[in-house]
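Here's a walk through a two-chain model, starting with one chain's membrane annotation and ending where the chains meet. Have the structure open while you read.

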Amino acid sequence: MNRTPLFTKKNQSALSRRGFLGLTAGGLLVAGCGGGQGAGTAPQEEGVGGFTGEEYSGPDLSLAYWNGFTGGDGPAMQQLVKDFTAEHDNIQIKNNTVDWADFYQRLPAAAQAGKGPDVGAMHLDQLATNAARNVIVPLDDLAEALGLAEEDFTASVWGPGIYQDARYGIPLDVHTIAMYYNMDHFEKAGISEAPTDAASLEDACKKLQASGIKNPFWMPNQWPAHLMFLSLLWQFGGEPYAEDGSAATYDDEAGEQALTWMREQVEKGYSPDNVDIDAQYTAFKNGQNSITWDGIWQINDLEDSGLNYGIAPLPVIGDELAAWANSHHFFMTAQAADDADRANAGKTFIGWMSDQSAAWSDAGMIPARNSAREDAKFTDSPQAALGDQIEALHFLPPVPGLGDVQVPTLEVAVNEGVLGKTAPAEALSKAASNATELMGKNLEKFGG
Amino acid sequence: MSVARRSSAGVAWLFLAPYLVLFGTFVLAPIVLGLWISLHSWDFTLPGKPFVGLDNYVDLFSSGSVSFEPFWNSMQATGIFTVFSVPLLIVVPLAVALAMNQKFRGRNIFRAVFFAPYVLGVAVVGVVWRFLLDRNIGAVNNYLGTIGLPDATAWLSSLPAAWVALVGVTVWWTLGFNAVIYLAGLQDISAELYDAAKVDGAGSWASFWHVTLPSLRPVTMFVTLITIIASANMFGQSFIMTNGAPGQDTRTAIFYIAETGLQNFQMGEAAAASWILTLFLMLLSVLVFGFFRLRGGTEAS
């Protein structure tokens, strides 16, 4: 029953894409894009959809725009949407904000039923999955029309947006995890500088304990514990997954060192046992601990809390600076690609948004564009303190279904390792072998 | 005569029709479709849904497969939860209902207090108790410490404390519902039976044992069945409070099925797992029916 609409849908989109090519092929002359930066570089050849960078000038329409900016980043996005509609009379934006956790469940289902969004924002590591599921369409033409090129971005954020030789996402930002610390506690303990390596972190913990903070650095065993683990793994020189999505490789020496260090923080008493969901962050806001590692998306929340906090790059625990990162990318759905007007309007929207990379610093994020990181909007923001770490970010490879594999494997291993339930090596090797098997199944399922 | 009978049968079907349509659409059809899905490698977002025969079932039953351990762990978790929560949810609500049935001042407030938690959704109950039961910053450990009891129990991330927490919260949350059903049953017992028992010289214990309990048998059977089914379907509490921790020890069968089917879109395998869980529940229901029948039989003779 489900099959027929799926096949016809594919055919339809192929047909209308051809029609769309014909429609817009003559649009090369008017290359005055809403973006600015790359508007001059008109594409020499059409990408999929043949978008040429011109502003959408068709009949009034309304685009469904889905995203998961529910946290401190929500108001910043709403402001951007407002600014966009003020500049574009013929495009209405119907903004639908869903919690990220539900977002990835709902999106394929809604797209399947033809009730999904036209455009949206999703995480970099979800692009391949949704591309393989035919939820989203390639945007090479848009990237080209906007004059986006790899040099404009840190390479690590540009590459994973490509799946099977096509670009599926336009980067908006980069986000990573950072070290937050309580300035009042640091002052009282006589620490003048944020720790930069394992030794200075341990030294700080000892001083903080001496000043009366019983457990200064709480080690979570649930979110964002696996992001901490991945950062440490990269710091010790490891790689979590084979680039081609065939195997999980975090069960090596680097992985063991990373997880062992995490558990050690509990054993040495810097962290209490059994830090439950979100407790490390709540306790940080309450001044019950002094150091916590968390996403930079918490910046706005911490600003609002009135806590006297500092933010710094993760200390180098392993051999070199490295940190987990992810990125919000704009995408367009197959549903929008079916209709030339919607596709064009959607691309106008994405192009405009992509240019607001610097303004998006208000959401606590790091702009994806190199040029936007020189903008005062960013250099004056708290997250600018991350400095060098921005050059040392690591992203998960674009492997369909990888995020779903990680939940019952790596996340469980980190949980058991930090809780002291299972020895790090054992937990990781079991998780990695299960993950490798699940990844093999995925390769088969998504047709490699 | 036969015409009249036929037309009355027609009327009966007519009255049953609305329910049958709903039952067919929302229960029967999904069950059959689920069986069909379980025979495929089914990801509804992909065009290809290859037929795999019984492979999904074989995977779940062969110890070498990657799904074997997580699935049976989750079945075990559901089993543990059911074994501990069902007896409590049968006995405690009965005691509460007996108290509710007494005549005393403030009886209505007493009834409302016990029923109130049931009005809350699982999300509210889960989040509130997750905060209260936090190992390091929760109110429960804090107050336990204040009165000199152990204050470092990891209610949400260690065993067996996590089971105590999950079962305790569930009993607190749902006992009001069972109690109200018992209460209705109690009010249905004719006062003459108690009078007769009194005449025969029965004390309050004897009249409870020989009048109340036997009269409540159909009600107790109903409560037992729905409680077993509700417990076997436990998901929200562990999803919100423990997220399956420690490791995957409190990840229940429904948790596993939801994660496999709705998050990872491996719907074939999830459907197969659902069928296995369903067969277990059917078997259990038959046993419960048999148990109450048997007891009914011996009492009658």
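## Ground rules and a helix in chain B

Take residues 112–132 of chain B to begin with: the span is 90% helix and 0% strand, with its end C-alpha atoms 23 Å apart. Helices here are DSSP runs of H or I with at least four residues, strands are E runs of at least two, and both are numbered from the N terminus. Residues 12–37 of chain B come out as 100% helix and 0% strand, and there the end C-alpha atoms are 34 Å apart.

Both spans appear in the UniProt annotation "transmembrane region", from an unreviewed entry, which covers residues 12–37, 77–100, 112–132, 152–175, 219–240 and 272–292 of chain B. UniProt positions are given in the numbering used here, feature names are shortened, and such annotations may be inferred rather than shown by experiment.

Keep in mind that this is a predicted model, where local features need pLDDT of at least 70, side-chain atom pairs count only at pLDDT 80 or more, and totals for chains, interfaces and linings use all residues. Residues are numbered from 1 along each chain as its sequence is written, while chains are lettered from A and ligands numbered from 1 in the order in which they are written.

## Chain B overall

Chain B has 13 helices and zero strands. Its C-alpha atoms fill a box of roughly 80 × 75 × 35 Å along the principal axes. Of the 301 residues in chain B, 34% are buried, meaning that 20 or more other C-beta atoms lie within 10 Å of the residue's own (12 or fewer is exposed, in between is partly exposed, and C-beta atoms are placed from the backbone).

## Chain A overall

Chain A mixes things up, with 18 helices and 13 strands. Buried residues account for 55% of its 448 residues. Among contacts in chain A between residues at least 6 apart in sequence, 79% join residues at least 24 apart; a contact here is a pair of C-beta atoms, placed from the backbone, within 7 Å.

How confident is the predictor in chain A? The average pLDDT (the predictor's confidence in each residue, from 0 to 100) is 85, and 88% of the residues score at least 70. Watch residues 1–49 of chain A, though: pLDDT stays under 50 there, and the model has 80 contacts beyond four places in sequence for that stretch.

## The cores

The largest nonpolar core has 134 residues, and A:Val119, A:Phe229, A:Leu233 and A:Met332 have the most contacts inside it. Such a core is a set of buried Ala, Val, Leu, Ile, Met, Phe, Trp, Tyr and Cys residues joined through C-beta atoms within 7 Å. Helix α9 (residues 225–235) of chain A gives the largest share, eight residues. Domain 1 (9–172 + 327–387) and domain 2 (176–325 + 401–445) of chain A both contribute residues, so this core lies between them. Those bounds come from an automatic or database domain assignment.

A second, separate core of 36 residues includes B:Trp129, B:Leu133, B:Met234 and B:Phe239.

## A close-up: A:Leu124

A:Leu124 sits in helix α4 (residues 124–132) of chain A. It counts as buried because it has 27 C-beta neighbours inside 10 Å. Leaving out residues up to four places away in sequence, its contacts include A:Val157, A:Pro160, A:Asn326 and A:Phe395.

## Where the chains meet

At the interface, 32 residues of chain A are in contact with 26 residues of chain B. On the chain A side, α1 (3–24), α3 (100–112), α11 (279–285), α17 (410–419) and α18 (424–445) each supply at least two residues.

Notes: Contact = placed C-beta atoms within 7 Å.
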